[in-house]
Amino acid sequence: MKHVISAIVENQPGVLAHVAGMFAARGYNIDSLVVGRTEDPALSRMTIVVIGDEQVLEQVRKQLEKVINVVRVRDFMDADYIQRDMMLIRVHVTPEKRPEVLALVEMFRAKAVDICRNSMMVEIAGPEDKIEAFIDLVRPYGIHELARTGIIAMQRGKSKTGSETQNGKA
Amino acid sequence: MTQEQQGGQSADTSGFIGHTGAKIFHQMLLEEGVDIIFGYPGGSVLPIFDELYDTPIQFILTRHEQGACHMADGYARSTGKTGVVLATSGPGATNLVTGLATAMMDSIPMVAFTGQVKSHLIGNDAFQEADTTGITRPVCKHNYLCKDVNDLGRIIKEAFHIASSGRPGPVLVDIPVDITVAKAEKEPDFSMSLPGYKPRGGRGNERQVKLACEAINNAERPVLYVGGGVILSNGSEALRAIAQKGKLPTTTTLLGLGAFDETDPLSLKMLGMHGTAYANHAVQQSDCLVSVGARFDDRVTGDLTKFAPKAKIIHIDIDPASISKTVSVDIPLVGDAKCILEQMLPYIETKERPQWHGQIDEWKKKYPLAYKAEGNIKPQEVIDQLGKMTDHDAIIATGVGQHQMWAAQFYGWTKPRQIQTSGGLGTMGYGVPAAIGAQFGNPDKLVVDIDGDGSFSMTMVEIITAVRYDMPTKFIVLDNDYLGMVRQWQEMFYSRRYSGVAHPCPEFTMIARGYGAQAAKITDRSELADGLNEMINSDGPYVLHVCVEQEENVFPMVAAGKALDDMVMGELI
């Protein structure tokens, strides 16, 4: 089962290596890992999708919290949250097929960002299943290239935290 | 390279501006109260060694960086202080890895300093360059690469804090050589702003404490299962108070040996793969198992699915990640072992539980640890006699293998910080340097390394370190000409196909004398008492080479993957 974990980490060299190394050393499977800045220049946010059962998720969370440069860890296990993945995909599109594909683009509220004679690059963002659905639909045309950011996630308004644990460090 | 004029060193840390990195290093070590450094010099730490030229800190030159690391470890375990190691870049740093991993697995406070090539050469495959922080990251609690001399003071302060607080562990600080000669332009930031590090120490949740005590009071067959955490938190006295007040049978892990006096009638001695049968049976029959500062290691639990099946499990640990990692816990208590035990004491009721104690006494009578003092000298009797002759009071180090388990079973542990042994990582070669490190921390105490011929051979070069610095450490080599523990497994599980375990030994006494130590070799039982006596009463370092029964096995034994009470007992138990 996939779980989304969000970790606020100190924006310092070696943090990514530390987190990635911990995952590798303990045999956890990472489905995706996204690192980006936050509103505070001293902190970055890592959004990690891990595969495993609840017990694995709990261990991942606790082990993440033990990494000295990890400030805060949150899993979205029981939380109502928004997740987004973004993709750039270059699809094989001959001029005759353009209207068809553009219709799909429209329907998915995606964007054609580059068109040349035999291909079209589409930008699409949304929850993972939407992205997957789009890929399925354009696959018959032929996919030249595809790049995805991986999931970022954030809890919906009101209570600031999901099952947040802060600094359970030893 | 211009060095600051070296004058009288003092712990004056009022000013860092204008000081070189090397001087700041020295100032910070004095500030942290470091009185001994174990290490080995090299090109990229030359400025640091120059600074140490007339330092009041004792510098111990070992013969190998691994030896330095284990000495710092033995020093830390036996004194409770943070061990300090210093090595050069590249091979100096990589030679520390085993020692760091050993300390990490057993939660030993240590700070390791390594030199690094000049900052601008990092990544260029420079001479004696290694990605030290990359290599040591998984075997350290934390590590730093200092890239600015203005950060060095802060980093060293943080390193000592992280190493010794919460669940302790090794922290490594990698310092490029140009940083050690650069001069600071700013005072270091000592605010200790570590937003990601707030160790759980101190007291446990009061409600959970009451809940735990209630469970213990209501239990008919309670058992305390005690690990190294109790020793690390100096909680032995609190443990004794609880055990005696509640009349709670108490067993310890290998690292917990000495946390509870084995001469106390409540003691079940060690549990686990080579634990006593009565400890293992008690755990399996228990209806309330209280783990204090232990982590349900696979060598303790045996088959997890069959572990303590009837017990409500209470787990006291400083590390939340240890809770429910392998065994699902009913009542977790996060905090410092000593604090929580003290919190619990008033709630613990005195209960007789005659049936439970009767059952345990029966097991103790039925399955005592045993050996037969016949034929060749038995390794167990050497340890048994040593324990009696030293009043169970010596500091003991061990290597890893059969001799380690016999030491655990037969010495008779009475005091915390008495055993120096690599439990988690199982590092052969740990014994010799760890014993010497413990001796440096306890110069007036009797320190004995009980070693096997395999482990001893790995690090015996450090005997010369004991000789050089007048450390009267004793070394007993139980020599069976085999890598005994592996041989035992091959005998039991691989139809006696002894593969790669024959281990013919040199004349250890000649080697020892070559290093300048006293030495004797004994092969017959009639020489044993006198041999031990002479060793104990000798002035300086002493190697006692004891030729023992070659194919003796460690029993009881829980084979890998078996339930804890599914033990191979041997013929004598």
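User: With which strand of chain B does helix α9 make about 135 degrees?
Analyst: This is a predicted model: local features need pLDDT of at least 70, side-chain atom pairs count only at pLDDT 80 or more, and totals for chains, interfaces and linings use all residues. Residues are numbered from 1 along each chain as its sequence is written, chains are lettered from A and ligands numbered from 1 in the order in which they are written, and side-chain values use heavy atoms, leaving out hydrogens and water. Helix α9 (residues 206-218) of chain B lies across β10 (288-292), β11 (312-317) and β12 of chain B; helices (H or I, at least four residues) and strands (E, at least two) are DSSP runs numbered from the N terminus. The angle of about 135 degrees (on a scale from 0 to 180 between N-to-C directions, axes being fitted to C-alpha atoms, for helices over the stretch in contact) is made with β12(B).

User: What angle does helix α12 of chain B make with β9(B)?
Analyst: Helix α12 (residues 277-285) packs on the sheet, touching β7 (222-226), β8, β9 and β10 of chain B. Touching here is contact, heavy atoms within 4.5 Å. The direction of α12 against that of β9(B) gives about 110 degrees.

User: Which strands stand at the edges of the sheet that holds β7 to β12 of chain B?
Analyst: The open sheet has 6 strands in the order β9-β8-β7-β10-β11-β12, with parallel pairing; two strands pair if DSSP finds at least two bridges between them. Each edge strand has a single partner, so one side of each is left without a neighbour in the sheet. Neighbouring strands of this sheet are turned by 15 degrees on average, direction ignored. The edge strands are β9 (267-270) and β12 (331-334) of chain B.

User: Which residue of β9(B) stands opposite Thr252(B)?
Analyst: Strand β8 (residues 250-252) and β9(B) pair in the parallel sense over 2 bridges. Opposite Thr252(B) in β9(B) is Met270(B).

User: By how many degrees are neighbouring strands turned, on average, in the sheet from β1 to β6 of chain B?
Analyst: This open sheet has 6 strands in the order β2-β1-β3-β4-β6-β5, paired in parallel. β2 (58-61) and β5 (142-145) stand at the edges with a single partner strand each, so one side of each lacks a neighbour in the sheet. The average turn between neighbours, direction ignored, is 20 degrees.

User: What angle does helix α3 of chain B make with β3(B)?
Analyst: Strands β1 (residues 36-39) and β3 (residues 83-87) run parallel, joined by 2 bridges. The bridge partner of Gly39(B) in β3(B) is Leu86(B). α3(B) packs on this sheet, touching β1, β3 and β4 (110-116) of chain B. Its direction against that of β3(B) is about 170 degrees.

User: How many nonpolar, polar and charged residues make the contact of α3(B) with α18(B)?
Analyst: Helices α3 (residues 65-79) and α18 (residues 431-441) pack with axes 6 Å apart at about 50 degrees. They are therefore oblique (neither under 35 degrees, roughly parallel, nor over 145, roughly antiparallel, nor 65 to 115, roughly perpendicular). Among the contact residues are Gly67(B) and His70(B) of α3(B) and Pro433(B) and Phe440(B) of α18(B). With Ala, Val, Leu, Ile, Met, Phe, Trp, Tyr, Cys and Pro as nonpolar, Asp, Glu, Lys and Arg as charged, and the others, Gly among them, as polar, the contact has 7 nonpolar, 7 polar and no charged residues.

User: Is the crossing of α11(B) and α14(B) left-handed or right-handed?
Analyst: The axes of α11 (residues 236-246) and α14 (residues 337-344) of chain B come within 9 Å and cross at roughly 30 degrees. That makes α11(B) roughly parallel to α14(B). A crossing is left-handed if the near helix is turned anticlockwise from the far one by less than a right angle, right-handed if clockwise. This one is left-handed.

User: How many of the residues of α16(B) are buried?
Analyst: Helix α16 (residues 379-389) of chain B is mostly covered. Its cover includes β13 (395-398), α17 (402-410) and β18 (542-547) of chain B. Buried means under 20% relative accessible area (exposed over 50%, partly exposed in between; 1.4 Å probe, protein chains only). The count is 8 of 11.

User: Which residue of β18(B) is the bridge partner of Val477(B)?
Analyst: β18(B) is mostly covered, with 5 of its 6 residues buried. β16(B) and β18(B) pair in the parallel sense over 6 bridges. The partner of Val477(B) is His545(B).
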